[in-house]
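Please open the model in your viewer and keep the sequence panel beside it, since this tour moves from one selection to the next. At each stop there is something to select, followed by a description of what is there.

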Amino acid sequence: MTNRITGILTPHITPVDSQGRVDEDRLCEYIDWLIERGVDGLYPNGSTGEFVRFTPEERRRIIRVVVDHTAGRVPILAGAAEANVKETIAACDAYGEMGVRAVAIVAPFYYRLSSEGVYAYFKEIADTVSVDVTLYNIPMFASPIDLPTIIRLAQECPRVIGIKDSSGDLPLMMRMIAAIRPLRDDFSFLTGWDAALVPML
């Protein structure tokens with residue numbers, strides 16, 4: 001790892017044209033607009049970008065456009081959630097080769113997994129991919145990542161470099177920071193829940 005992920009990383013929309021295709025020109029204009037206004041990084045293919053509405057090929061194209069147009073001006077945290085571990089690993093590796101700083105991965109969605117299942121999912125990914133990984137805890141849409149699992153992954157997986165938490169559970173986030181910071185001073189804690197921003201800072 002060369003640097004910790006910090007600051008405001010904007011989860012951004014994905015513009016589409018009247019035919020429902022990704023509007024690459026508008027996407028590039030939007031990237032410039034965000035960077036000109038001082039964001040610290042970009043977060044394409046997240047929930048805000050409606051990643052589930054695009055094919056895997058379209059998601060890869062979105063990341064390619066964002067990486068190429070950003071041209072190193074700010075780091076990119078790419079959403080890499082796919083429907084199974086094999087496809088998620090493939091997406092992670094593809095995005096890593098494109099030059100993203102790290103990928104963000106939710107636990108498996110739709111079907112709820114046990115804590116051990118969530119751990120096994122992330123462990124396989126972290127032990128296989130060639131890019132840094134941030135966990136994404138968003139329990140309203142995906143299997144929750146509980147604190148023991150987060151601690152375990154932080155301890156065992158150097159590739160897991162942070163977590164974005166959108167649970168809205170501020171006490172959980174506080175316990176998470178208190179437990180992991182002594183173990184990993186390189187670990188990043190991000191919040192996707194606006195109300196938690198000031199307390200998290």
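Begin by selecting Arg 159 and Asp 132, whose side chains meet in a salt bridge with an N to O distance of 2.9 Å; a salt bridge here is a side-chain nitrogen of Lys or Arg within 4 Å of a carboxyl oxygen of Asp or Glu. Arg 159 lies in the loop between helix H5 (147-156) and E6, while Asp 132 is in strand E5, so the pair ties together parts that are 27 residues apart in sequence. The element names follow DSSP runs, numbered from the N terminus, with helices (H or I) of at least four residues and strands (E) of at least two.

Before going further, note that this is a predicted model, in which local features need pLDDT of at least 70 and side-chain atom pairs count only at pLDDT 80 or more, while totals for chains, interfaces and linings use all residues. Residues are numbered from 1 along each chain as its sequence is written, and side-chain values use heavy atoms, with hydrogens and water left out.

**The charged network**

Keep Asp 132 selected and add Arg 101, which forms another salt bridge with Asp 132, the closest N and O atoms being 2.9 Å apart. This pair links distant parts of the chain, since Asp 132 is in strand E5 (residues 132-137) and Arg 101 is in the loop between helix H3 (85-98) and E4, 31 residues apart. Are these residues buried or exposed? Asp 132 is buried, with a relative accessible area of 7%, and Arg 101 also counts as buried, at 14% relative accessibility, whereas Arg 159 is partly exposed, at 31%. In these terms, buried means under 20% relative accessible area, exposed means over 50%, and partly exposed lies in between (1.4 Å probe, protein chains only).

Now move to helix H5 and select Glu 156 with Arg 152, which form a salt bridge whose closest N and O atoms are 3.7 Å apart. Being 4 residues apart in helix H5, Glu 156 and Arg 152 are separated by about one helical turn. Glu 156 counts as partly exposed at 37% relative accessibility, and Arg 152 is partly exposed as well, with a relative accessible area of 30%. Returning to the earlier selection, salt bridges that share partners join Arg 101, Asp 132 and Arg 159 into one network. By the rule given above, the count comes to 13 salt bridges.

**A pair of strands and the helix between them**

Next, select strand E6 (residues 160-165) and strand E7 (residues 188-191), which run parallel and are joined by 4 bridges; two strands are taken to pair if DSSP finds at least two bridges between them. From E6 the chain crosses through helix H6 (residues 170-180) to E7, and this β-α-β crossover is right-handed, meaning that, with the strands pointing away from the viewer, the path from the first strand over the helix to the second runs clockwise. To look at one bridge in detail, select Ile 163, whose bridge partner in E7 is Phe 189.

**Two residues with positive phi**

Most residues other than glycine have a negative phi. Select Asn 45, which is not a glycine but has a positive phi of about 65°. Asn 45 lies in the loop between strand E2 (41-43) and helix H2 (56-70), and is buried, with a relative accessible area of 3%. Then select Tyr 110, where phi is again positive, near 75°. Tyr 110 is in the loop between strand E4 (102-106) and helix H4 (115-128), and is exposed, with a relative accessible area of 70%.

**The whole chain**

Finally, clear the selection and view the protein chain, whose secondary structure comes to 7 helices and 7 strands. Read along the sequence, the chain follows the pattern β-α-β-α-β-α-β-α-β-α-β-α-β-α. Along its principal axes the C-alpha trace spans about 45 × 35 × 30 Å, and buried residues make up 48% of the 201 residues.
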